[in-house]
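Thanks for coming, everyone. I would like to walk through one structure this morning, going from a pair of strands outwards, and I will try to stay close to what can be read from the coordinates.

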Amino acid sequence: MNNISKTLSKRKKLKNDLKKFREESPYIKAQKMDVPEGLYEKCPKCNRTVKRNSNIENDYICKHCGYHFRMRAIDRIRYIVDEDTFVEKGLGYITLNPLFQDGYEEKIAKYKKSTNLDDAYIYGYGQIYGQECVIGVMDSYFLMGSMGSVVGEKVTKSFEYSIYKKLPIVIFTASGGARMQEGIFSLMQMAKTSSAVAKHNKMGLLYISVLTHPTTGGVTASFATLGDIILAEPGALIGFAGPRVIEQTINQKLPEGFQTSEFLEKKGFIDKVVNRRDLKRTLSLLLAFHRRT
Amino acid sequence: MDILAKERKVKELEKQIESLGDSETVKKLKREIKRYKEIEMSKLTAWDRVLLARHQSRPKALDFINYMSPDFIELHGDRLYQDDSSIIGGIGSINGTVFTIIAHQKGKTLEENIERNFAMPHPEGYRKALRLMKQAEKFKRPILTLIDTPGAYPGIGAEERGQGFAIAENIKSMSEFTVPIISVIIGEGGSGGALALGVANKILMLENAIYSILSPEGYASILWKDSSLAPKAAEVMKLTSYDLQEFSIIDRIIKEPYGGAHFDKEKTFNDTKSAILEEYNKLKILSPAELHYLKNKKIRNYGFLQRFNYKNLGGIKR
């Protein structure tokens, strides 16, 4: 009797500790951030202004034209992962300034404050309609979601965690490419993350990559396009070179709908373009199909 | 005065020699040229090295291949769409060892450059490289890649055929191969286009080659909105061989003659060849599993960051 009550109290204490830890983690802090009333956002597609609050209720989709707004990493996790199942991993990374570039540290500090993230990527354990998986999300609000040393390390860690737990992994990408302030170190993250995918692939585990607006540059040319199944959100910009660079190089205007997810689906590079409202169901189904028994 | 101006001065002096017949003055002038090269052309700024890496008369990949491996046979096509002439690939022997050789090829004249697309490959080029590397893996043949590209081509056709997908596939597969891979950066190493051939057991670099995430012009125009600040950007970006060796991104620097590789091509080729063979002899004795393990361990350690850790406060992980 005494033993059981002891273990129960121990467990209670552990639970409390965990709760405390999670409250202190950036994920929970950001969850508490509320959008001020009366803030408006302009839809880039139909140019109409939408109330931010009503927009959030509408799954960040423009009610006039169906444009999918960018989502913060936190919002994405709240949207996709079942309530109270997300446990963030890989906390405490610090971005350094390897090339001693002017103003880089200040920039990072500014974005850290405004997004409450360590860097442009978070990952952890989560469940999607009860299907266990490792979930990683890039945040395009953090320096355009660019991939520096910390993002590369965390992406690699998330694959390693997924191998360790023998779980499938789902990654939402949103990035402008490699982070040029970190120079050659950023470029090498492409090799690092790709080799992590190769290791994960060898273990026979599932990797679903979901490309969201915008996915370009070094991220497209590494782990984002190496998924077993590649999904994309409608109307997302996906490509290696940015549209402006291509326009400058070939000196002509690009055709309408170039480098969108629908375009790539037509060209045969993406498995399926999925509306945001169907995304959770599609992901949980795909995870269920690949469940190990 | 940048390196090109210095080079012009040397050329001028050499011309003077030709016009003179007197042996005494010739000797004096020759000594002067030699001294000038040693003093002035050995102190290079990062921008000088960028200029040298892009120099018109710098030896190109085919020159290296023709010297090192006279029996080289070029193989064409990716068996999917078409042949991309900005990447050349084939089989050849270097000192009796058969290598699969893959390289970016720049042109020497404008016409050839247009045909080679200034060594900016389309996805076909990368898929051809991958096909040949898979072939090498099958026949347990070591792979040698020579890197000299401003970057992957940004164009409509390239995007339509999956530029990013092709590069990603190359990087992933190169990290998986178990045969020895040696990469030599002989000129410009531009961004993902270079990395798609540059995931190797040993990465060598010519002294005046550069390897960077984007061109100094691009960097300056994105960060400072002014592409004429490229010389300053080159300094900041740390793209020279010495910087990269310090970061342990590359393994070895191959020295060039004063004033750049084009002043003494024979010597550059010879040094490159012996460096490649030396590194290959080190890799040859390792088993495939060891090669795979060591390569991936090296790749895993790329990056410059810190993690907050109760046990190890303030430790820097490199």
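Let me begin in strand β8 of chain B, where Arg252(B) is the bridge partner of Leu204(B). That pairing belongs to a set of three bridges between β6(B) and β8(B), residues 252–254, and the two strands run parallel. I should say at once that this is a predicted model, so please hear everything that follows in that light.

On its other pairing, β6(B) is joined in the parallel sense to strand β5 of chain B, residues 181–190, over four bridges, and there Ser183(B) has Ile203(B) as its bridge partner.

Now, which way do the residues of β6(B) point? Lys202(B), Leu204(B) and Leu206(B) point one way from the strand, while Ile203(B) and Met205(B) point the other way, and all of them are buried. Because five of the five residues of β6(B), which covers 202–206, are buried, the strand is largely enclosed by the rest of the structure.

Stepping back to chain B as a whole, the domain assignment gives domain 1 as 3–43 and domain 2 as 56–302, and the C-alpha centres of these two domains of chain B lie 34 Å apart.

Let me turn to the contact between the chains, which takes 42 residues from chain B and 44 residues from chain A. Several elements of chain B each supply at least two residues to the side that touches chain A, among them α7 (156–160), α10 (216–223), α14 (288–300) and β9 (305–307). It is α8(B) that gives the most to this side, with nine residues, and by class the side of chain B that touches chain A has 24 nonpolar, 11 polar and seven charged residues.

Strand pairing also crosses between the chains, since three bridges join β4 of chain A, residues 93–95, to β9(B), and these strands run antiparallel. Within that pairing, Ile94(A) stands opposite Gln306(B).

Finally, a single residue in chain A: is Ser162(A) buried or exposed? Ser162(A) sits in helix α6 of chain A, residues 149–165, and it counts as buried because it has 26 C-beta neighbours inside 10 Å, where 20 or more are needed. Leaving aside residues up to four places away in sequence, Ser162(A) touches Val134(A), Leu167(A), Ile169(A), His200(A) and Leu205(A). Ser162(A) and Gly124(A), which are 38 residues apart in sequence, are 9.4 Å apart in space, C-alpha to C-alpha.

Terms used:
Residues are numbered from 1 along each chain as its sequence is written. Chains are lettered from A and ligands numbered from 1 in the order in which they are written. This is a predicted model: local features need pLDDT of at least 70, side-chain atom pairs count only at pLDDT 80 or more; totals for chains, interfaces and linings use all residues. Two residues are in contact if their C-beta atoms, placed from the backbone, lie within 7 Å. Ala, Val, Leu, Ile, Met, Phe, Trp, Tyr, Cys and Pro count as nonpolar, Asp, Glu, Lys and Arg as charged, and the others, Gly among them, as polar. Two strands pair if DSSP finds at least two bridges between them. A residue is buried if 20 or more other C-beta atoms lie within 10 Å of its own, exposed if 12 or fewer, and partly exposed in between; C-beta atoms are placed from the backbone. Domain bounds come from an automatic or database domain assignment.
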